[in-house]
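Colleague: Could you walk me through this model, a bit at a time? I'm new to reading structures.

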Amino acid sequence: MSDLTIFPVDIAEMSVSQLAALPPEQKREVDKNLDTAIDWLKKARTKFDAALEQCYGEQARAALRESGRDFGTAHISDGPLHIKFELPKKVSWNQKQLGEIAERIVASGEKVEGYLDVKLSVSESRYINWPPALQQQFAAARTVDSGKPSFTLSTDGGEA
């Protein structure tokens, strides 16, 4: 990995204005270095998490089971090291089956919102391909916001 400092100050110590005032080539170098560092950190985090799982995963899951739980938080120790193990519950629902259940709830005269969280949406690609008359019917319900911008820096030679 290359040096992640701009002479003589560390990037993290620089203000936004100072970073904005850097010459174009230094901005490109900072951008490249940050991408390299992020990639390295993601790979290192993934590998280290796998090592923690290998070393403590079964012991932590056993501690959860001993407390009568399949999910949640367990605390274990390895000598002086204290490990807080968190195993969240991840629930997913079969959308087709929920749709059928929702139809039965409505057919019975109940309000589906009393049982299910209902979120309606329209895909943007579908919306923009509709005829104008149909778009107008939906226009009042549609809000358009911008997402987070991204920047890709390169030099005239094209190297990123």
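Below, we go through strands, cores, rings and one polar contact.

Modeller: Before we start, this is a predicted model, where local features need pLDDT of at least 70 and side-chain atom pairs count only at pLDDT 80 or more, while totals for chains, interfaces and linings use all residues. Residues are numbered from 1 along each chain as its sequence is written, and side-chain values use heavy atoms, with hydrogens and water left out.

Colleague: Which residue in strand 4 stands opposite Ile-76?

Modeller: Helices (H or I, at least four residues) and strands (E, at least two) are DSSP runs, numbered from the N terminus. Two strands pair if DSSP finds at least two bridges between them; strand 3 (residues 72–78) and strand 4 (residues 81–87) have 7 bridges, in the antiparallel sense. Their hairpin has 2 residues between the strands, and there Gly-79 takes a positive phi near 60°. Across from Ile-76 you'll find Ile-83.

Colleague: Which element gives the largest share of the largest nonpolar core?

Modeller: A nonpolar core is a set of buried Ala, Val, Leu, Ile, Met, Phe, Trp, Tyr and Cys residues joined through side-chain atoms within 4.5 Å; buried means under 20% relative accessible area, exposed over 50%, partly exposed in between (1.4 Å probe, protein chains only). The largest one has 7 residues, including Tyr-56, Ala-74 and Phe-85. Helix 2 (24–66), strand 3 and strand 4 each give two or more residues to this core. The largest share, 3 residues, comes from helix 2.

Colleague: Is Trp-130 buried or exposed?

Modeller: Rings of Phe, Tyr and Trp (its six-membered ring) pair if their centres lie within 6.5 Å; planes under 30 degrees apart count as stacked, over 60 as edge-to-face and the rest as tilted. Trp-130 and Phe-138 form a tilted pair, 4.7 Å centre to centre with 50° between the planes. Phe-138 is partly exposed, at 33% relative accessibility. Trp-130 has a relative accessible area of 18%, so it counts as buried.

Colleague: Which side chain does a polar contact of 2.8 Å join to that of Arg-28?

Modeller: Arg-28 is in helix 2, and its 6% relative accessibility makes it buried. A polar contact is a pair of N or O atoms within 3.5 Å; within protein, one must be able to donate a hydrogen and the other to accept it, and residues adjacent in sequence count only if both atoms are side-chain atoms. At 2.8 Å, the partner side chain is that of Glu-25.
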